[in-house]
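Here are some short exercises to work through with the structure open beside you. Try each task before reading its solution.

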Amino acid sequence: MSDSALWTALADPHRRAIVALLLERPRSVGEVSQVCGLSQPSTSKHLKVLREAGLVRVRQDAQRRVHALDPAPMAALDAWLAPYRTLWNGSLDALGRRLDETAPDTPEEPAPKD
């Protein structure tokens, strides 16, 4: 699994919807297709990209292929995003402090209507 394959896989909104769906529980291609409103061939292509990126595992269950998320790539993605999360949290904390400093002590009365 390469980093670029992971980012490419997650760049597509249909694949992100599939990842979100598989977060709930493992599903067959037919279930994913039905819930996402995609054709079965299109769903299979998206699942293949997700498998090749290492985001999804597949297992045979009788005649069905059941797809499930593999948490390892998501953990790697989360670790990569951690410094950026810290940056944003710090910026949001600073904004909150600034807003607290400039907020009036008492709420303003609405202007009387004529």
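The exercises below concern a predicted model.

**Exercise 1.** Find which residues make the nonpolar surface patch, and which helix gives the most to it.

*Solution.* Start with the aromatic members: Trp 7, Trp 80, Tyr 84 and Trp 88 are among the residues of the patch. Next add the leucines, which are Leu 81, Leu 87, Leu 92, Leu 95 and Leu 99. Together these side chains make a patch of about 980 Å². Finally, look at helix H5, residues 71-102: this helix gives the most, with eight residues.

**Exercise 2.** Decide whether Leu 81 and Ala 103 are buried, partly exposed or exposed.

*Solution.* First place the two residues: Leu 81 sits in helix H5, while Ala 103 belongs to the segment after H5. Then recall the cut-offs: buried means under 20% relative accessible area, and exposed means over 50%. Leu 81 has 32% relative accessibility, so it counts as partly exposed. Ala 103 has 40%, and therefore it is partly exposed too. As an extra step, follow Ala 103 to Arg 16: their C-alpha atoms are 40 Å apart in space, with a sequence separation of 87 residues.

**Exercise 3.** Work out how strands S2 and S3 run relative to one another, parallel or antiparallel, and how many bridges join them.

*Solution.* Locate S2 at residues 56-61 and S3 at residues 64-69. The two strands run antiparallel and are joined by six bridges. For one facing pair, take Arg 57, which stands opposite Ala 68 in S3. Now go to the turn of this hairpin: two residues lie between the strands, and Ala 62 takes a positive phi near 60°.

Note on methods
Residues are numbered from 1 along each chain as its sequence is written. This is a predicted model: local features need pLDDT of at least 70, side-chain atom pairs count only at pLDDT 80 or more; totals for chains, interfaces and linings use all residues. Side-chain values use heavy atoms; hydrogens and water are left out. Patches are made of residues with over 30% relative accessible area and no salt bridge: like charges are joined within 9 Å, nonpolar side chains (Val, Leu, Ile, Met, Phe, Trp, Tyr) within 5 Å. Accessible areas come from the Shrake-Rupley method with a 1.4 Å probe; for residues, only the protein chains shown count as cover. A salt bridge is a side-chain nitrogen of Lys or Arg within 4 Å of a carboxyl oxygen of Asp or Glu. Helices (H or I, at least four residues) and strands (E, at least two) are DSSP runs, numbered from the N terminus. Buried means under 20% relative accessible area, exposed over 50%, partly exposed in between (1.4 Å probe, protein chains only). Two strands pair if DSSP finds at least two bridges between them.
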